Amino acid sequence: MKTMIRTAVTAATLAAVTAACTSSTGGTRNPPPVRADLGAVRLVAYSSCDDLLAGLREQAVKNVSPYGFGGAMPMMSIARDARESVPQGKSAPEHSTTNVHEAGVDEPDLVKTDGNRVITVSDGTLRIIDTATRKITSSLKLTEHDGPGIPSDLLVSGDRALVLMRGGDIMYKTARPIGPPSDTRYVVVDLSGEPKVLSTIKPQGSYVDARMVGSTVRLVTRSQPDVTFPEPKGEATEAERLKANQAAVRQAPAEAWLPKIEITDASGAVTKSTVPCERVSHPADYTGTSMLTVHTIDLAQGVTAAGTDPIVLAADGDIVYGTGQSLYVASNPRWWFPVRPLPIDEPPPPATTPPATASAPAASTPTDSTPADSPVAPAEEPTPTDPSVPVSPPTGTATPAPDVPSTSASDDPAAPSSAEPSPMPTAPPEETEVHRFDITAPGAPVYVASGKVPGRLLNQYSLSEHDGHLRIATTRDPGDGTSSFSAVYVLKSATMAKVGEVGGLGKGERIYSVRFIGPIGYCVTFRQVDPLYTLDLRDPAAPKVTGELKITGYSAYLHPGAEGRLIGIGQEASEKGRTLGTQVSLFDVSDPTGPRRLSQLFQKDSGSGAEWDPHAFLYWPKTGLSVIPLTQREESGALVLKIEDSGVRKLGLIKHPTQRQEGRYAYQPGIQRSLIIGDSLWTLSYEGVQVNDLTTLAAQSWIPLR
């Protein structure tokens with residue numbers, strides 16, 4: 001069994017491009033790169049292809065391991081967004097839109113509506129539902145094979161849709177790749193009549209995220225160098241394997257790093273291209289093992305002769321945050337733990353506890369099969385319900401402590417002196433780099449500046465731009481389980497230089513949710529109790545904590561409610577930190593020095609996708625109606641709530657029709673999204689769309705999608 005060494009990846013960057021080649025149809029040159037010296041985060045463009053190749057080879061050789069390059073680890077991120085355009089000549093009923101981080105900045109999701117149409121994509125098929133007749137009026141298959149399609153999201157502007165189809169994540173470039181190859185595709189679809197594909201973009205690498213302002217979409221894709229490492233020979237030592245891999249890197253051509261793009265137009269004509277060297281930039285400190293590409297597509301124009309106007313960065317990145325003026329890409333530090341790779345034919349010792357994965361909670365986290373009142377040992381930090389959040393290594397992982405002598409043959413004093421012990425990598429600094437692009441002008445973004453802060457982000461809600469400043473909330477964890485703490489840093493957005501910070505939040509805990517609303521910040525940390533901190537950020541140079549509320553459980557997502565109110569979606573917990581079930585909290589934050597909880601609704605032994613995916617949360621300020629997905633032991637559905645000025649109360653649970661799998665078993669479809677259109681509540685599951693009366697919650701229509 002091969003155990004990968006996760007090398008330290010501390011560089012992530014976004015930079016300006018040098019004078020770009022003009023398209024055959026004309027166009028303007030991009031401005032020259034802005035060179036900003038910010039210590040370790042100085043971003044510049046390569047002066048030539050020779051310079052690019054030499055630099056990338058040099059850095060990649062330093063970071064390749066005996067087993068290839070480490071894989072990139074995606075992290076899995078409010079005002080309602082701007083209303084979508086409505087087909088000319090047809091008025092649309094009042095409707096909700098995707099719950100997004102910033103008003104006017106749309107985010108990809110699996111369903112969109114303009115009031116007249118509900119547009120969704122699943123199983124590789126785009127479907128359009130007419131909201132008046134409540135019938136599927138047209139569909140378009142986007143995959144080339146039968147059966148379930150790859151995961152997909154949507155962005156819609158007027159009569160144009162962009163379908164973001166995500167394939168397998170980045171491969172480990174070993175002799176035997178781990179995981180499927182990437183099959184990322186961006187498909188532009190015309191919705192004005194019978195839907196048809198206008199163009200398909202196949203970038204090299206995997207899709208990270210996208211943001212749309214107006215009709216212009218910026219997409220971030222990540223790729224690794226296309227270097228094939230030699231098959232290990234017999235009983236080759238790690239030193240010999242490392243030497244062979246370094247030799248392969250030194251011989252790799254520039255094309256191994258330069259991302260490739262394939263564009264197919266409506267006629268089927270295919271154009272293949274490679275991003276030229278002059279459109280690649282790099283930071284002063286980078287690994288050479290990851291490349292970020294930012295594509296730009298204006299849906300109002302479609303994909304023109306200029307393609308997607310890509311710019312490339314010799315960097316890694318996993319979190320995207322956007323405003324109307326800026327695009328930020330952040331690179332979290334890797335979840336690092338020291339591992340000496342085991343011999344190929346030596347299996348690791350059996351795990352003493354089940355590994356924690358994205359789909360299975362850590363052993364210390366209660367599940368539906370664990371009674372809430374079961375006696376437990378003192379709780380460790382609960383595993384978050386967000387399946388995109390990486391978890392600490394399982395206790396069964398064979399990870400010798402750095403200060404414990406190994407008993408392997410190579411460490412035996414009697415062993416031959418030529419035996420080489422496996423080197424122990426040094427832990428990288430736990431710090432996050434954030435890079436800002438100006439997106440106010442058409443075309444490719446323009447790099448502005450970069451900054452670096454200690455710790456790691458939770459998700460995009462850890463970032464917030466306000467009044468010329470970027471606020472960043474991070475957690476630092478030395479790894480001893482007791483010394484972690486969180487802080488909020490304030491950077492000047494024009495230079496990304498730090499102007500202020502406030503730390504010491506949640507000692508021994510970590511951040512579970514963050515929300516910035518204007519000059520005020522809210523931060524929830526958790527280990528056994530939930531301190532909700534309020535922060536005064538009016539003076540960027542002197543941010544401060546003004547209030548604190550300690551309660552059991554935690555809020556994993558925070559949403560602004562009515563004036564002076566804050567809504568929290570999360571988990572109730574015992575005094576020892578054992579999670580007990582979904583809770584919806586209403587906080588009074590009108591007095592920043594004394595936040596208090598006004599009301600709590602608790603559903604025992606349950607969980608909600610809204611805890612980790614804000615797109616699953618619906619809040620209708622006009623009436624205070626709120627809807628969240630809910631999964632319980634016996635049933636799944638959408639919990640409908642009324643959030644008033646002083647309390648939260650349950651109105652009902654909407655369930656989709658029970659489905660039967662070829663007569664073998666029955667199951668309750670889990671509801672993923674909810675929409676308000678006119679006087680009806682629409683809910684979406686993998687199986688179909690249901691329409692309920694907004695007042696009585698009585699079922700009106702069922703629209704199967706399979």
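1. Aromatic pairs make a convenient starting point, and the count of them in this structure comes to 9. One of them brings together Phe-69 and Phe-229, whose ring centres lie 5.2 Å apart and whose planes meet at 75°, so the pair is classed as edge-to-face. Phe-69 and Phe-229 are both buried. Please keep in mind throughout that this is a predicted model, and that the geometry described in these points is that of the prediction.

2. A further aromatic pair is made by Phe-526 and Tyr-554, with a centre-to-centre distance of 4.9 Å and 50° between the planes, which is a tilted arrangement. This pair connects distant parts of the chain, since Phe-526 belongs to strand 27 (residues 520–526) while Tyr-554 belongs to strand 30 (residues 554–560), 28 residues apart. Phe-526 has a relative accessible area of 0% and is buried, and Tyr-554, at 1% relative accessibility, counts as buried too. Elsewhere, one aromatic cluster is formed by Tyr-461, Tyr-557 and Phe-617.

3. On the cysteines, the count comes to 1 disulfide, and the residues it joins are Cys-49 and Cys-277, with an S to S distance of 1.9 Å. The link between Cys-49 and Cys-277 is right-handed, with 105° about the S-S bond. How exposed or buried is each of the two cysteines, Cys-49 and Cys-277? Cys-49 has a relative accessible area of 38% and is therefore partly exposed, whereas Cys-277 stands at 5% relative accessibility, which is under the 20% limit for a buried residue. Another cysteine, Cys-523, counts as buried at 1% relative accessibility.

4. For charged side chains, a search of the whole structure gives 26 salt bridges. As general background, side chains of opposite charge can pair when their charged atoms come close. One of these salt bridges is formed by Lys-452 with Glu-433, where the closest N and O atoms are 3.6 Å apart. The pair links distant parts of the chain, with Lys-452 in strand 21 (residues 446–454) and Glu-433 in strand 20 (residues 431–438), 19 residues apart. The setting of the partners can be given for each: Lys-452 counts as partly exposed, at 28% relative accessibility, while Glu-433 is buried, with a relative accessible area of 1%.

5. Which parts of the chain are tied together by Asp-588 and Arg-565? The side chains of these residues, Asp-588 and Arg-565, meet in a salt bridge with an N to O distance of 3.1 Å. Asp-588 lies in strand 32 (residues 579–588) and Arg-565 in strand 31 (residues 565–573), so the salt bridge ties together parts that are 23 residues apart in sequence. Asp-588 and Arg-565 are both buried.

6. A salt bridge also joins the side chains of Asp-605 and Arg-633, at 3.6 Å from N to O. Here the residues sit in loops, again in distant parts of the chain: Asp-605 is in the loop between strand 33 (596–604) and strand 34 (606–607), and Arg-633 is in the loop between strand 36 (625–632) and strand 37 (636–643), 28 residues apart. With a relative accessible area of 16%, Asp-605 is buried, whereas Arg-633, at 39% relative accessibility, counts as partly exposed. Salt bridges that share partners also join Arg-565, Asp-588, Arg-596 and Asp-645 into one network, and the Asp-588 and Arg-565 salt bridge of the previous point involves two of the residues named there.

7. The last point concerns a sheet. Strands 41, 42, 43 and 44 form an open sheet of 4 strands, in the order 41-42-43-44, with antiparallel pairing. Which strands stand at the edges? Strand 41 (671–677) and strand 44 (699–704) do, and each has a single partner strand, so that one side of each is left without a neighbour in the sheet. From one strand to the next, the twist averages 20°. Within the sheet, strand 42 (residues 680–685) and strand 43 (residues 688–693) run antiparallel and are joined by 5 bridges. In one example of this pairing, Thr-683 has Gln-690 in strand 43 as its bridge partner.

Conventions
Residues are numbered from 1 along each chain as its sequence is written. This is a predicted model: local features need pLDDT of at least 70, side-chain atom pairs count only at pLDDT 80 or more; totals for chains, interfaces and linings use all residues. Side-chain values use heavy atoms; hydrogens and water are left out. A disulfide is a pair of cysteine sulfur atoms within 2.5 Å. Buried means under 20% relative accessible area, exposed over 50%, partly exposed in between (1.4 Å probe, protein chains only). A salt bridge is a side-chain nitrogen of Lys or Arg within 4 Å of a carboxyl oxygen of Asp or Glu. Helices (H or I, at least four residues) and strands (E, at least two) are DSSP runs, numbered from the N terminus. Rings of Phe, Tyr and Trp (its six-membered ring) pair if their centres lie within 6.5 Å; planes under 30 degrees apart count as stacked, over 60 as edge-to-face and the rest as tilted. Two strands pair if DSSP finds at least two bridges between them. Axes are lines fitted to C-alpha atoms, for helices over the stretch in contact, and angles run from 0 to 180 degrees between N-to-C directions.
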